[in-house]
Amino acid sequence: MQNFDYFNPTRIVFGEDTIGRLSELLPSGARVLVLYGGASAEKNGTLAEVRAALAKHDFAEFGGIEPNPSYETLMRAVGQVHREQRDFLLAVGGGSVIDGTKFVAAAALFDGEPWQIMEARGENVTRALPLGSVLTLPATGSEMNNGAVITRRATHAKLPFHSQHTFPRFSILDPRKTFTLPPRQVANGVVDAFTHIIEQYLTYPAGGLAQDRFAEGLLQTLIEIGPRALAEPHDYEVRANLMWVATLALNGLIGAGVPHDWATHMIGHELTARYNIDHARTLAIVLPPMLQVRRDSKRAKLLQYAQRVWGITQGSEDERIDAAIERTRAFFESLDVKTRLQDYAINAAALDDLIAQLEAHDMTALGERQDVTLEVSRRVLEAAL
Ligand code: NZQ
Ligand code: ZN
């Protein structure tokens with residue numbers, strides 16, 4: 001097992017009717033800014049519950065954080081924080097709102113032009129405003145990690161940053177708040193969480209025995225409940241399990257002491273930045289060909305994945321690997337998530353531009369062995385057509 005330093009300070013308050021506990025979770029005397037996305041939090045009553053819980057607090061609101069949150073929008077929130085001297089940020093929404101709030105938290109106290117935070121991937125962040133979240137969409141794990149992905153619309157750049165200063169202090173997870181999700185977002189959440197687990201599990205054997213078993217259990221749980229989350233949208237237990245699995249998929253636990261890949265995510269971000277395809281949908285396009293193209297360096301783990309996650313034991317090694325990759329693709333398709341670039345009318349003519357974007361963003365040596373060069377990324381995208 002590799003050395004690691006695991007730290008996760010986020011308090012999780014989980015379950016029905018937990019938004020009312022906001023008041024006790026916030027520091028007394030905090031000057032709170034509530035940040036949210038479009039209309040969903042208002043429509044499904046989440047904002048009303050938040051406002052009621054904050055009745056005795058000094059708070060203001062900033063709405064309009066879009067999916068794939070933009071620097072341009074978030075800088076307006078930074079302006080409001082400064083003008084009103086807000087000192088605690090509360091994100092109400094999905095990964096985009098929570099990510100956006102992390103950026104605002106860091107940008108508000110940053111010396112210099114805040115886009116530099118993205119250019120340095122967060123390494124230059126030395127402090128941030130404290131933040132908390134009320135999660136409405138199980139998918140990204142942002143509610144219990146320190147990462148965020150921010151888009152600069154003007155340049156089609158979608159980049160991640162991490163900082164030990166941007167863990168939420170707390171996150172409230174009420175599975176009932178997910179009942180209003182459209183099927184597309186539920187399916188996105190399943191695919192995103194699934195891919196987060198794969199990016200930390202399906203690399204090469206590193207002796208993380210418990211991490212492997214834990215990851216396999218989370219994958220199998222998603223295979224079991226993903227279709228049910230779509231078919232039975234008001235089943236509390238199914239939504240509760242989906243919510244907790246998505247959090248566990250990217251809160252650092254399964255990734256401690258083992259190598260990470262993330263090449264699928266980085267290529268996926270370029271597809272979102274260029275074509276505005278939902279984050280999870282880009283992963284469904286890139287992951288199956290990524291596993292195909294890198295099948296030799298991932299061979300041992302692909303065979304383990306085939307056997308332990310999908311129960312594939314028959315056939316030659318290559319047949320088992322093919323079968324596991326096909327089962328993965330079929331799982332995504334069964335959730336009505338398309339897995340080909342051509343499903344989005346993207347053809348071979350687009351590849352040069354995507355490769356140029358990867359190069360511009362320094363994504364030239366990706367993966368657990370840093371051997372996913374631009375040439376390998378091109379082969380993955382060709383195989384994704
Ligand atoms: O904008 P509103 O009206 O709120 O609607 C949202 C949005 O349109 C809607 N929604 C959210 N909760 C709802 C709801 N609709 C009905 N009922 C509810 N309860 O869902 C739409 C999508 O929301 P968004 O927050 O964009 O989705 P998601 O949670 O999938 O977040 C995606 C973003 O997170 C980043 C992605 O790159 C993308 O920008 N990621 C963040 C990560 C992290 N911080 O660790 C890791 C991930 O790999 C990912 O990259
Ligand atoms: Zn993701």
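Asp 192 and His 196 are both buried in this predicted model. The two residues belong to helix α7 and stand four residues apart, so about one helical turn separates them. Both serve as donors to the zinc ion (ligand 2), Asp 192 through OD and His 196 through NE2. The other protein donors are His 265 and His 279, each through NE2, and the donors lie 2.0 to 2.1 Å from the ion. Along the chain, these donors follow the spacing D-x3-H-x68-H-x13-H.

Helix α7, which covers residues 183-201, also holds Glu 199. Glu 199 is buried yet takes part in no salt bridge. A salt bridge requires a side-chain nitrogen of Lys or Arg within 4 Å of a carboxyl oxygen of Asp or Glu, whereas the nearest side chain of opposite charge, that of Arg 294, is 6.1 Å away from Glu 199. The side chain of Glu 199 does, however, make a polar contact of 2.8 Å with the side chain of His 265, a residue that is itself a zinc donor. Among the other residues that Glu 199 touches are Pro 259, Asp 261 and Trp 262.

A further residue of helix α7, Arg 184, forms a salt bridge with Asp 278, with the closest N and O atoms 2.7 Å apart. This pair links distant parts of the chain, since Asp 278 lies in the loop between α10 and α11, 94 residues from Arg 184. Arg 184 is partly exposed, at 47% relative accessibility, while Asp 278 is buried, at 15%.

The model contains 30 salt bridges. In one of them, Asp 58 meets Arg 86, the closest N and O atoms being 2.8 Å apart. Asp 58 is in strand β3 and Arg 86 is in the loop between α4 and β4, so the pair ties together parts that are 28 residues apart in sequence. Asp 58 is partly exposed, with a relative accessible area of 33%, but Arg 86 is buried, with 10%. Elsewhere, Arg 295, Asp 296, Arg 299, Glu 317, Asp 318 and Asp 322 are linked in a network of salt bridges.

Attention may now turn to the strands. Strand β7, residues 157-162, is largely enclosed by the rest of the structure, because five of its six residues are buried. Six bridges join β7 to strand β6, and the two strands run antiparallel. Within this pairing, Thr 151 has Lys 158 of β7 as its bridge partner. Four residues lie between the strands of this hairpin, where His 156 takes a positive phi near 55 degrees.

Terms used:
Residues numbered from 1 in each chain as written. Chains lettered and ligands numbered in written order. Predicted model: local features only at pLDDT ≥ 70, side-chain atom pairs only at ≥ 80, totals over all residues. Heavy atoms only, no water. Buried < 20%, exposed > 50% of the residue type's maximum accessible area, 1.4 Å probe, protein only. Pairing = 2+ DSSP bridges. Lys, Arg positive; Asp, Glu negative; His and termini not counted. Polar contact = N/O pair within 3.5 Å; in protein donor to acceptor, adjacent residues only side chain to side chain. Contact = heavy atoms within 4.5 Å. Donors = N, O, S within 2.8 Å, 3.2 Å for Na, K, Ca; no water. Lists of a residue's contacts leave out its neighbours within four places in sequence.
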